[in-house]
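Let's take a walk through a protein together, starting with its rings and working outwards to its overall form. Keep the picture open as you read.

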Amino acid sequence: MSNLWGYFVCRKLGRPFLPVPQPRGHEKQRLVENYYKNGKHVKKPAKGFPPDELYKAKENLPVENFNWLYISLWLGLRPKEIDSLHDKTMWRLEKTHSGQQVISIFQTKIITVPPEDRWKPIPIQFDEQKVALKIIKSGKFKRPNLRTVQKYI
């Protein structure tokens, strides 16, 4: 980051720029140890979201918001992945040799892998997943507002 800032400032001032070298050896070790000693990188696991809470809130939530949460719960997708399901090029439905349906969803967050390896296959095994697949095909789902979710769930 300091190299980017230094390059920017030196261009504006019309002076030569000498980049700051990456830390190596002992300096790099000290930075890494300090990072782990600080403990701020440790994240707490997300609170679980049991299905019974979702079903309790079904009466209070709009249908499209409930459907979005239903897809999230039963297919285990990221919010951006669920939103991308409106685009039919971002998901595909296949059948295995045994006849089991598999929905493959393109993962936009993973960027270090070639595009052909960024498809996340999810086998449709449970009745709830079959319902989620019907919701996806219908397109009747919309990301809920955070306040709405906090109010009813």
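In this predicted model, ring pairs tie four residues, Tyr55, Phe66, Tyr70 and Trp74, into a cluster. Try to find these four rings in the picture first. How many aromatic pairs does a search of the whole structure find? The count comes to seven. One of them joins Trp5 and Phe8 in a tilted arrangement, with 5.6 Å centre to centre and 35° between the planes. A pair of aromatic rings is described by just those two things, the distance of the centres and the angle of the planes.

Where do Trp5 and Phe8 sit? Both belong to helix 1 (residues 2-13), and they are three residues apart, about one turn of the helix. Trp5 has a relative accessibility of 57%, so it counts as exposed. Phe8, at 43%, is partly exposed.

Now compare a pair of another kind. Phe106 and Trp119 meet edge-to-face, 5.4 Å centre to centre and with 65° between the planes. This pair links distant parts of the chain: Phe106 is in strand 2 (residues 101-106) and Trp119 is in strand 3 (residues 119-123), 13 residues apart. Phe106 counts as buried because its relative accessible area is 14%, and the cut-off for buried is under 20%. Trp119 has another partner as well: Arg92 lies over the face of its ring, at 4.0 Å from the ring centre.

Next, follow helix 4 (residues 63-75). It has 13 residues and reaches 18 Å from its first C-alpha to its last, close to the 18 Å expected at 1.5 Å a residue. Which residues of helix 4 are buried? They are Asn65, Phe66, Asn67, Trp68, Leu69, Tyr70, Ile71 and Leu75. You have already met Phe66 and Tyr70, which belong to the ring cluster. The cover over the buried residues of helix 4 includes helix 3 (51-56), helix 5 (79-83), strand 3, helix 6 (127-138) and helix 7 (146-152). Just after helix 4 comes Gly76, which takes a positive phi of about 65°.

Three residues let us look at this region one contact at a time. Start with Asn65, which is found in helix 4. Its relative accessible area is 11%, so Asn65 is buried. If we do not count residues up to four places away in sequence, Asn65 touches Lys142, Arg143 and Pro144.

Pro144 also turns up beside Val149, a residue of helix 7. Leaving aside neighbours within four places in sequence, Val149 is in contact with Leu69 and Pro144. Is Val149 buried or exposed? With a relative accessible area of 19%, Val149 is buried; the cut-off for that word is under 20%. Lys40 gives a contrast along the chain: it is 109 residues from Val149, and the C-alpha atoms of the two are separated by 28 Å.

The third residue is Gln129, which has its place in helix 6. At 7% relative accessibility, Gln129 counts as buried. Its contacts, leaving aside neighbours within four places in sequence, are Trp74, Leu75, Ile122, Pro123 and Ile124. Trp74 is a member of the ring cluster, and Leu75 is among the buried residues of helix 4.

Helix 2 (residues 25-38) offers another chance to check a length. Its 14 residues should span 20 Å at 1.5 Å a residue, and its end C-alpha atoms are 20 Å apart, so the two values agree. Just after helix 2, Gly39 takes a positive phi of about 80°.

Finally, step back and take in the whole protein. Its secondary structure comes to seven helices and three strands, and along the sequence they follow the pattern α-α-α-α-α-β-β-β-α-α. The radius of gyration is 23 Å, well over the 15 Å that the globule rule gives for 153 residues, so the protein is more spread out than a compact globule. Along its principal axes, the C-alpha trace spans about 65 × 40 × 35 Å. Of the 153 residues, 25% count as buried. The accessible surface comes to about 12,000 Å², and 56% of it belongs to carbon and sulfur atoms. Among contacts between residues at least 6 apart in sequence, 48% join residues at least 24 apart.

Definitions and conventions: Residues numbered from 1 in each chain as written. Predicted model: local features only at pLDDT ≥ 70, side-chain atom pairs only at ≥ 80, totals over all residues. Heavy atoms only, no water. Phe/Tyr/Trp six-rings, centres within 6.5 Å; stacked < 30°, edge-to-face > 60°. Helix = DSSP H or I, 4+ residues; strand = E, 2+ residues; numbered from the N terminus. Buried < 20%, exposed > 50% of the residue type's maximum accessible area, 1.4 Å probe, protein only. Lys NZ or Arg CZ within 6 Å of the ring centre and 35° of its normal. Expected span 1.5 Å × (residues − 1). Contact = heavy atoms within 4.5 Å. Rg over C-alpha atoms; globule rule 2.2 N^0.38 Å. Areas by Shrake-Rupley, 256 points an atom, 1.4 Å probe, with all protein chains shown as cover.
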